[in-house]
Amino acid sequence: MSASVSVTARRLTAAAAAAAALIGVTALPASAADHHPRSYRQSVVISGVHLDHQARDHRSNRVLNREWVEITNNTRHDVNLSGWTLSDRHGHTYRFHHYRLDGRATVRVHTGYGRDTRTDLYQDRRTPIWDRHADTATLRNDHHRIVDRVGWDNTRRGDRDDRRHADHR
């Protein structure tokens, strides 16, 4: 009789251990499901967009350089943006070359021609690329994964949270 008691006790212990493991595994996704990916500050984000197509000569370099997208590094550590891209919904793409964004720093990517500095980069384009009425700025890392995306339109409908700092003048 003692042999059957010890077998039964071992089976009950094994069943309890399996049940505890199963409860632990199912509890993890429940707590992870409460975490919202946008609730934390992303490391590198599109922090602003400025469009200026009101000028008469919208193809002048001065006007093109008033059209820009801001990229901000929210961490304390430098981020190597070499190979990253910034594109619009039509596929116009700017590729970052040999650029390191300092921690807690912001860089403006202008459409026109200019001399690159730590705070200003230039796409060297002769025509505007961002559509004032509706467009999307997409930032991708060097593995082609979307890091951030900001869209805008002037139709008064849609999700306002997706249109961070789209400044239309």
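Hi everyone, let's start with one residue: Thr 85 stands opposite Arg 140 in β9. Keep in mind that this is a predicted model.

That pairing belongs to a longer contact, where strand β4, residues 85-87, and strand β9, residues 134-140, run antiparallel and are joined by 3 bridges. Stepping back, β4 and β9 sit within an open sheet of 4 strands, ordered β5-β4-β9-β10, with antiparallel pairing. So which strands stand at the edges? They are β5 (93-95) and β10 (146-153); each has a single partner strand, so one side of each is left without a neighbour in the sheet. As for the twist, neighbouring strands here are turned by 10 degrees against each other on average, ignoring direction.

Now to the rings, my favourite part. How many aromatic pairs are there? The count comes to 2. In one of them, Tyr 94 and Phe 96, the ring centres are 5.1 Å apart and the planes meet at 75 degrees; that angle is over 60, so the pair is edge-to-face. Tyr 94 and Phe 96 are both buried.

Then we have Trp 130 and Trp 152, a tilted pair with 6.1 Å from centre to centre and 50 degrees between the planes. Trp 130 lies in the loop between β8 (120-122) and β9, while Trp 152 is in strand β10, so this pair ties together parts that are 22 residues apart in sequence. Both Trp 130 and Trp 152 are buried, too.

One last ring before we chat: Trp 68 has Arg 108 lying over its face, at 3.8 Å from the ring centre. Thanks for listening!

Notes. Residues are numbered from 1 along each chain as its sequence is written. This is a predicted model: local features need pLDDT of at least 70, side-chain atom pairs count only at pLDDT 80 or more; totals for chains, interfaces and linings use all residues. Side-chain values use heavy atoms; hydrogens and water are left out. Two strands pair if DSSP finds at least two bridges between them. Helices (H or I, at least four residues) and strands (E, at least two) are DSSP runs, numbered from the N terminus. Axes are lines fitted to C-alpha atoms, for helices over the stretch in contact, and angles run from 0 to 180 degrees between N-to-C directions. Rings of Phe, Tyr and Trp (its six-membered ring) pair if their centres lie within 6.5 Å; planes under 30 degrees apart count as stacked, over 60 as edge-to-face and the rest as tilted. Buried means under 20% relative accessible area, exposed over 50%, partly exposed in between (1.4 Å probe, protein chains only). A charge sits over a ring if NZ of Lys or CZ of Arg is within 6 Å of the ring centre and within 35 degrees of the ring normal.
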